[in-house]
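Visitor: I would like to learn how to read pockets, patches and charged pairs in a model such as this one. Could we go through them in turn?

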Amino acid sequence: MTTFEELGVRPDLRRAVEELGFEQPMPVQEKVIPHLLNGEGDVVALAQTGTGKTAAFGLPLLQRIDPEVKKPQALILSPTRELCLQIGSDLADFSKYMPSIKVLPVYGGSSIESQIRALRAGVQVIVATPGRLIDLINRGEVNLDDVHTVVLDEADEMLNMGFLESIDAILEHVPADRKMLMFSATMPNEIARIAKKYMKDPVEIVVGNRNEGAENVRHIYYMVNARDKYLALKRIADDTPNIYGIIFCRTRRDTQEIADKLIADGYNADALHGDLSQQQRDIVMRKFRDRVITLLVATDVAARGLDVDDLTHVINYGLPDDTAVYTHRSGRTGRAGKTGVSIAIIHSREKGKLREIEKKIGKKFERKEVPTPEHIIEKQLYNLADRIERVKVDEDEIQKYLPGVMRKLEWLSGEDLLKRVLSLEFNRLLDYYRDAPKIDFIDEKPSKDKKERKESVPKSDKEKDRRTAERGMERIYVNLGKGDGFFAGNLIELLNHNVGGKRVDVGRIDLLPHYSLFDVKKADARRVVEGLRGADWMGDRVYSEIADKDKDYARAASRRKRGEAEGEEPETTYDYFLKKSRGGTKKSAKSTKRKK
């Protein structure tokens, strides 16, 4: 097995990494370190987060620093403040026995004056976010003329965050003969273009396969109705008593709402998203790293660059549109040789997206049933028994209190005492899960007979089925469909912008060519209809109503579209039904023909 000594790492650096617990180099370190110390040309390294990338570039970078020169000789760019601080901390640990070398993280959200003072005192390694570094360059406080090594860490994330122009501006101030390294978890086309533009004869080093998921991560999905996603999330958390994970949501609003619900339900959780101030973000991250909170609900943007060890789970409350984002999410667990679990909570219409991710990462998702109440309670009981077995007992301290407690409880048998201890811990859980139903989405493929029967259903009956809401829900009609370029994301956006009050939970959505039907909770139905009615979408007036199973929406939409094609003033479905109820469908003054 290869050692750090065989890779050419100097004794003072080896001593530091050995004290940090590194015994043998990880695969990315075996490939990158010798090239940076001895090879010519630049490097593009493709590896997942948590594979030892910081040591892979950090050790040879530190070894190439001249401690006598008190000017910046190495520059590391990272997409976020959190990653910037983490890299700076790691490099400080690696250079423990190199006292003349100074490493400085520079980033936004912190005092620029203190960073300027540190720069003037002399530093050899700068770890920076692009925005703050450009600010310091423009102020004349940073001179990069002596930089011989530039590292772009999490390069794909920097592209996603729109830092390409900033990278251009920074590299103009760096010598043309520098050595450049680019680390990325995925290899989109933009990364290849950056390599071609900025790098000289780059060597590509791949750990694993391009764009694949982390090797030690198990991928699981649960399928439920959209309205049951939060219930599924709670069951997953309850079924994993020692969970320490990140729950990813698509929007800031979802992130805060899910965190608030979890906190109200007694979970150690908090939110991380772009609406928080830097101070609030720091407090949340400190609590998460210290495990004061064990569930962090975050958006992708807010979580970029977070480097937290020993995550047991990553939970995708909503699947991302970009497969590369899923790769980044799942790569936050199963790090440094440990195993982890990436969970997706999906509804039936997300199966296609799940299959796309499977193809991209080269791994299959396991479908599992949402944990049942019986399984959760059994799991929690065994976890309590395990904690009781392993608890540390201070004999001297506890002994003085035992006689009084024993006299108080001596009338109880051992079995009665155990029952009471368990009830004290689990009464809340037992009450919550009493009579709780199964919430898995039934996704059976129809048999041949069922399929034949389904195909024989008259079209009018199929239309009527579409107008029937699921249990506990109300069906809503809206006069926009796929033919108008209107899709599920547009519907959610329309609801968010026009329906006041608390967030609307949307269930089943049926997008038809010229209209759409969707489910909301009965309590929200009237609010949704009033909010949407008369709203504007891409210049079209929106009409909405609680769906009537006796109305032929398809016929009304067809008539409306036919009228538009003949040059008539657009007629809403509402106009059509209003006229029909009055005994005819002759054109009203509102829908008279106009000249083309």
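**Reading burial, pairs and pockets**

Guide: Let us begin with a single residue in this predicted model: Asp-524 is buried, because its relative accessible area is 7%, under the 20% limit for that class. The side chain of Asp-524 meets that of Arg-527 in a salt bridge, at 3.0 Å from N to O, and Arg-527 is partly exposed, with a relative accessible area of 24%.

Visitor: How many residues apart are Arg-527 and Asp-524 in helix 23?

Guide: The two are 3 residues apart in helix 23 (residues 522–532), so about one helical turn separates them.

Visitor: What is the general idea behind such pairs, and which side chain meets Asp-282 in a salt bridge?

Guide: Side chains of opposite charge can pair when their charged atoms come close. Here the partner of Asp-282 is Arg-81, at 2.8 Å from N to O, and this pair links distant parts of the chain, with Asp-282 in helix 12 (residues 278–289) and Arg-81 in helix 4 (residues 81–94), 201 residues apart. Asp-282 counts as partly exposed at 23% relative accessibility, whereas Arg-81 counts as buried at 14%. A search of the whole structure finds 33 salt bridges, and a network of them links Arg-253, Asp-254, Glu-257, Arg-503, Asp-505 and Lys-521.

Visitor: How is empty space found, and what volume does the largest pocket have?

Guide: Rolling a probe the size of a water molecule over the atoms shows where empty space is left. In this model the largest pocket has a volume of about 1,500 Å³, and of the 48 residues that line it, Lys-229, Arg-250, His-347, Ile-492 and Arg-503 lie nearest its centre. The lining divides into 19 nonpolar, 8 polar and 21 charged residues, and its largest share, 6 residues, comes from helix 22. Helix 10 (229–238) is among the elements that supply at least two lining residues.

Visitor: Is helix 10 largely enclosed or largely open?

Guide: Helix 10 is largely enclosed by the rest of the structure, because 9 of its 10 residues are buried; Lys-229 and Asp-238 are among those buried residues.

Visitor: Which helix gives the most to the nonpolar patch?

Guide: Helix 18 (402–409) does, with 4 residues. The patch covers about 930 Å² of surface, with residues including Ile-388, Tyr-401, Leu-402 and Val-421, and Tyr-401 sits in the loop between helix 17 (395–399) and helix 18. Helix 19 (414–433) also supplies at least two residues of the patch.

Definitions and conventions
Residues numbered from 1 in each chain as written. Predicted model: local features only at pLDDT ≥ 70, side-chain atom pairs only at ≥ 80, totals over all residues. Heavy atoms only, no water. 1 Å grid on protein atoms, 1.4 Å probe; cavity = no way out; pocket = protein on both sides within 12 Å on 5 of 7 lines; lining within 4 Å. Points joined across faces, edges and corners; volume = space filled by probe spheres on them. Nonpolar A, V, L, I, M, F, W, Y, C, P; charged D, E, K, R; others polar. Patch = residues over 30% accessible without salt bridge, like charges linked within 9 Å, V, L, I, M, F, W, Y side chains within 5 Å. Areas by Shrake-Rupley, 256 points an atom, 1.4 Å probe, with all protein chains shown as cover. Salt bridge = Lys/Arg side-chain N within 4 Å of Asp/Glu carboxyl O. Buried < 20%, exposed > 50% of the residue type's maximum accessible area, 1.4 Å probe, protein only.
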